[in-house]
Amino acid sequence: MNYTEARTYLDEISKCGSVLGLEGMKELLDRLGNPQDDLKFIHISGTNGKGSVLAYLSTVLSGAGYRTGRYISPTLFSYRERIQVDQKYIEQDALARHVTKIGAAVEDMKAAGLAGPTVFEIETALAFLYFKEQHCDIVVLETGLGGLLDATNVIRTPVIEVIASISMDHMDVLGDTLAKIAAQKAGIIKPGCDTVLYHQRRDVEEVVTDACRHAGSPMTVTDPDSLEVLSTGRDGQNFMYRGEGPYHINLLGHYQLSNALTALDIAALLRRRGWPISREAVMQGMREAVWPARMELARRDPDVILDGGHNPQCMGAIRQALEELYPGKKILFLVGVLEDKDYHAMVGQLLPLARAFITITPDSQRALQAQALADY
């Protein structure tokens with residue numbers, strides 16, 4: 001296949017939907033020689049903040065001299081964005097070559113009477129093949145949905161497991177309480193492997209603590225009481241953490257400070273586990289990290305901010321950030337949502353700040369029509 005043919009192949013498989021479970025993924029990887037076993041991972045699950053933690057940490061690791069893979073979803077600018085090495089997208093010819101190899105394995109599975117893998121499973125296998133080919137020292141790996149039954153959870157060589165902020169989302173799949181969702185997210189925790197947990201609600205932390213105890217996994221919890229905010233504004237944020245710093249991040253919003261603490265605790269734990277990462281590499285990586293469409297100030301005067309928040313917790317964080325950046329101001333919101341999201345609660349978070357709403361229909365089969373959102 002060439003790149004266009006490979007993309008068409010993936011698009012066709014994506015129409016078949018997704019299924020949680022690891023058996024199909026394990027079968028596919030067995031037929032591909034289990035490339036994931038030759039890699040080391042920092043594995044991140046959670047509802048919100050996974051991508052931001054990944055952005056901070058992968059930039060720090062690249063700056064420290066490690067060849068660092070990134071695996072993220074969904075993407076914003078390019079399909080190839082989801083698979084990166086040192087912030088460079090996978091090349092078109094590499095993608096086409098690996099998808100051709102995977103396609104042959106898929107046909108073998110079907111010939112043996114087995115179900116074909118989902119598109120996310122194929123994309124994950126593609127990432128593993130590419131990261132092995134690129135001789136990555138470490139891969140920062142983001143789960144797709146959940147954790148326990150997520151396709152990424154086939155890995156057997158994690159260095160650190162990370163649990164980011166957990167909130168109510170995908171309840172039809174993961175469970176209708178935070179405790180049930182947390183149990184799914186904590187399913188990535190492996191015996192004896194270190195775990196870093198974003199400090200959050202007690203009921204969530206109890207679930208993760210129990211999972212770590214059963215797995216014999218040493219756990220580090222971020223400490224917001226050790227955060228000292230020095231300044232915050234449209235030009236970024238400066239802070240101290242656990243008596244060290246000052247650090248500067250360009251990402252806006254208090255919640256990005258919390259995500260930064262998670263990344264800093266991971267970096268510190270890596271150092272204790274024998275990964276040389278200098279203080280300068282950490283400070284520079286935190287300063288240079290970017291994560292598009294997360295409270296992104298896209299232009300000024302008038303200010304235009306982009307954010308991909310898609311659940312009530314995200315909207316609450318956005319509201320807090322906007323109140324800090326623009327106290328007393330009314331804001332014009334351009335909003336599109338998916339029909340299966342809790343848009344009632346999401347809009348409720350933004351209402352006190354709104355001068356007006358302009359509604360749009362997202363480019364998705366799950367989209368809520370703009371007129372329906374406007375009527376609400």
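Q: Why is A293 called buried or exposed in this predicted model?
A: The relative accessible area of A293 is 11%. Buried means under 20%, so A293 is called buried. The residue lies in the loop between α10 (279-288) and β12.

Q: What makes the phi of A293 notable?
A: Phi of A293 is near 65°, a positive value in a residue other than glycine. Most residues other than glycine have a negative phi.

Q: Which class of accessibility does M295 belong to, and why?
A: M295 has a relative accessibility of 2%. The limit for buried is under 20%, and therefore M295 counts as buried. M295 is placed in the loop between α10 and β12, and its phi is positive, about 45°, although M295 is not a glycine.

Q: What makes the peptide bond between G245 and P246 cis?
A: Omega of the bond that joins G245 and P246 is about 0°. P246 is found in strand β11 (residues 244-249).

Q: Where is P302, and what is the form of the peptide bond from D301 to P302?
A: P302 is in the loop between β12 and β13. The bond from D301 to P302 is cis, with omega near 0°. As a general matter, most peptide bonds are trans.

Q: Why is the pair of D303 and R234 called a salt bridge?
A: The closest N and O atoms of D303 and R234 are 2.6 Å apart. A salt bridge requires such atoms within 4 Å, so the pair of D303 and R234 is called a salt bridge.

Q: What makes D303 and R234 a link between distant parts of the chain?
A: D303 lies in the loop between β12 (296-299) and β13 (304-306), whereas R234 lies in the loop between β9 (227-233) and β10 (236-241). The two residues are 69 residues apart. D303 is partly exposed, at a relative accessible area of 25%, and R234 is partly exposed at 32%.

Q: How do you know that D235 and R300 meet in a salt bridge, and what does the pair tie together?
A: The N to O distance between the side chains of D235 and R300 is 2.6 Å, and the cut-off is within 4 Å. D235 is in the loop between β9 and β10 and R300 is in the loop between β12 and β13, so the pair ties together parts 65 residues apart in sequence.

Q: Why do D235 and R300 fall into the classes exposed and partly exposed?
A: The relative accessible area of D235 is 58%. Exposed means over 50%, so D235 is exposed. R300 has a relative accessible area of 35%; because values between 20% and 50% count as partly exposed, R300 is placed in that class.

Q: How do you know that E133 forms a salt bridge with R97?
A: The closest N and O atoms of E133 and R97 are 2.5 Å apart, and the cut-off is within 4 Å. E133 belongs to helix α5 and R97 to helix α4 (residues 92-111), 36 residues apart, and the pair links distant parts of the chain. E133 counts as partly exposed at 31% relative accessibility, as does R97 at 42%. A search of the whole structure finds 17 salt bridges.

Q: Why is E123 called buried or exposed, and where does E123 lie?
A: E123 has 5% relative accessibility; buried means under 20%, so E123 counts as buried. E123 lies in helix α5 (residues 119-133). Leaving aside neighbours within four places in sequence, E123 is in contact with Y71, Y79, R82 and I83.

Q: What makes L57 buried, and which residues are in contact with L57?
A: L57, in helix α3 (residues 50-63), has a relative accessible area of 1%. The limit for buried is under 20%, so L57 is buried. Apart from its neighbours within four places in sequence, L57 is in contact with I42, A263, I266 and A267.

Q: Why is the chain called as compact as a globular protein of its length?
A: The chain has 13 helices and 15 strands. Its radius of gyration is 21 Å, close to the 21 Å that the globule rule gives for 376 residues, so the chain is as compact as a globular protein of that length. Of the 376 residues, 53% count as buried.

Note on methods: Residues are numbered from 1 along each chain as its sequence is written. This is a predicted model: local features need pLDDT of at least 70, side-chain atom pairs count only at pLDDT 80 or more; totals for chains, interfaces and linings use all residues. Side-chain values use heavy atoms; hydrogens and water are left out. Helices (H or I, at least four residues) and strands (E, at least two) are DSSP runs, numbered from the N terminus. The radius of gyration is taken over C-alpha atoms; the globule rule is 2.2 Å times the number of residues to the power 0.38. Buried means under 20% relative accessible area, exposed over 50%, partly exposed in between (1.4 Å probe, protein chains only). Contact means heavy atoms within 4.5 Å.
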